[in-house]
Amino acid sequence: MSNHSRNEAVLHHIAIVGSGPSGLFCADALLRQRPDLKIDVFDRLPTPYGLVRFGVAPDHQGTKAVTRQFDRLFAGGNIRFLGHVQVGRDLLLADLHAHYDAVVLAVGAHGDRPLGVPGEDLPGCYGSMAFVGWYNGHPDFRDLAPLLDRPAVAVIGMGNVSVDILRVLGKSRTEMASSDLTAHAAEVINAAPLTDLYALGRRGPVEASFTSAELAEIGRLERVRPVVNKADLPESLPLGIAPAELKVKEKNLQLLHEFAERTDDKPIRLHFMFHQRSEAVLGKDRVEGLKLVGRETPLEIGTLIRAIGYYTAADGDLPQSDARGVIANTDGRIEHGLYVVGWAKRGPSGTIPTNRADSKAVADLLLADYANDTAPPKEGSAALDAWLLSRGVNVMDWTCWKRIEAAEIAAALPGSPRAKLAAWEELRKHRQP
């Protein structure tokens, strides 16, 4: 028997935990090489797409268009979506091992890293995962009810997440009309009396990690003027910058110099503040200020958002994250038969397309691991379905998702692609036709 035919005999049923871009890119790469495979994709939410639905900014609809590729993937027939099933609660990783030949974890990184300073537990202080989830319609954060009733908001972090949050807060109602910003968030943001936004970074402008396209958008907003202290900006980049980063950093520095020259008058000022380290969040019953190291006068703010990174928070018997905040692995292999992709593998870095090559590499590794395996294949989907039914697990499949999607599209305001259902009870109503 050839290696290929032996591979077909022993590797047939694969489970992927997580339906975000890393998990679905992995499924696509597996099926392109082995179209005979049967793949079940599990997600604890009733809706697929993970980071694309809940992390990508609501006004970046072009980035969200990758879901069309994923729709075609599910239409192919050899891949199923099992939503509303939480691995670690409804079934264990050990149960997946019992039914599938291999398991891929695509669980992402959903834990907000803390600042580690006094006062960050005050009302008005939020992690970016929670805040972005709130305005993007994640059901876990539907009732976050963030305090946005004061003139000033500070976001700690100098990456794309920080810039996304500031842009969403700063855009006018008209500018957001073609987005899928949730109605509950739009109501609060539109009513917020904002005059000053702050982007705070521990390092300098050269080290900032936002992309040039994201930064340039800030300069085009109708009611926001970016404010940069020219003294914070070098005239040119220092030596030693990696060639892959050089073009972006040159453009970023150019844009920041342009911002520093602006004198136009707009109702909201967005202050880029570099070399700032937080010492304490101030306030008695809520956030009222932020004390910065070496600065005598605190920033007067009513809201503080931490956009300083995430860590993988695993459920039940799933592997826990290590000191780096990821699941320990070697090139995506945790052990034979168990793999990890995406942010849970490498940390919260890169863009949506970054996951494509990364997930393909793990798919290649998985298939190579089984090239000479002689273990008998597992029973797969049919046995798993009976197992779930016997335990009363209420799976919401692809058909349920399509009912949710249809309801969102039907309820959309003119110009908007959808009106997201964001509450658990709203989503669960679509379990039945």
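Two strands count as paired if DSSP finds at least two bridges between them, and helices (H or I, at least four residues) and strands (E, at least two) are DSSP runs numbered from the N terminus. The structure shown is a predicted model, in which local features need pLDDT of at least 70 and side-chain atom pairs count only at pLDDT 80 or more, whereas totals for chains, interfaces and linings use all residues. Residues are numbered from 1 along each chain as its sequence is written, and side-chain values use heavy atoms, with hydrogens and water left out.

An open sheet of 6 strands, paired in parallel, follows the order β6-β14-β7-β8-β10-β9. Its edges are formed by β6 (125-127) and β9 (224-228); each has a single partner strand, so one side of each lacks a neighbour in the sheet. From one strand to the next the twist averages 20 degrees. Within the sheet, β7 (residues 152-156) and β14 (residues 303-306) run parallel and are joined by 4 bridges; Ala154 has Leu304 as its bridge partner in β14.

Helix α8 (residues 160-170) lies across β7, β8 (196-200), β9, β10 (268-273) and β14, and runs at about 175 degrees to β8. Such angles run from 0 to 180 degrees between N-to-C directions, with axes fitted to C-alpha atoms, for helices over the stretch in contact; contact means heavy atoms within 4.5 Å.

A nonpolar core is a set of buried Ala, Val, Leu, Ile, Met, Phe, Trp, Tyr and Cys residues joined through side-chain atoms within 4.5 Å. Buried means under 20% relative accessible area, exposed over 50%, and partly exposed in between (1.4 Å probe, protein chains only). The largest nonpolar core has 48 residues, and Phe131, Tyr135, Leu169 and Phe272 have the most contacts inside it. Apart from it lies another core of 41 residues, including Ile16, Ile39, Val41 and Phe70.

The whole structure holds 28 salt bridges, each a side-chain nitrogen of Lys or Arg within 4 Å of a carboxyl oxygen of Asp or Glu. In one of them, the closest N and O atoms of Arg167 and Asp59 are 2.7 Å apart. Arg167 belongs to helix α8 and Asp59 to the loop between α3 (51-54) and α4 (61-64), so this pair ties together parts 108 residues apart in sequence. Both Arg167 and Asp59 are buried. Asp59 also meets Lys171 in a salt bridge (2.9 Å, N to O). Asp59, Asp164, Arg167, Lys171, Glu214 and Glu217 are linked in a network of salt bridges.
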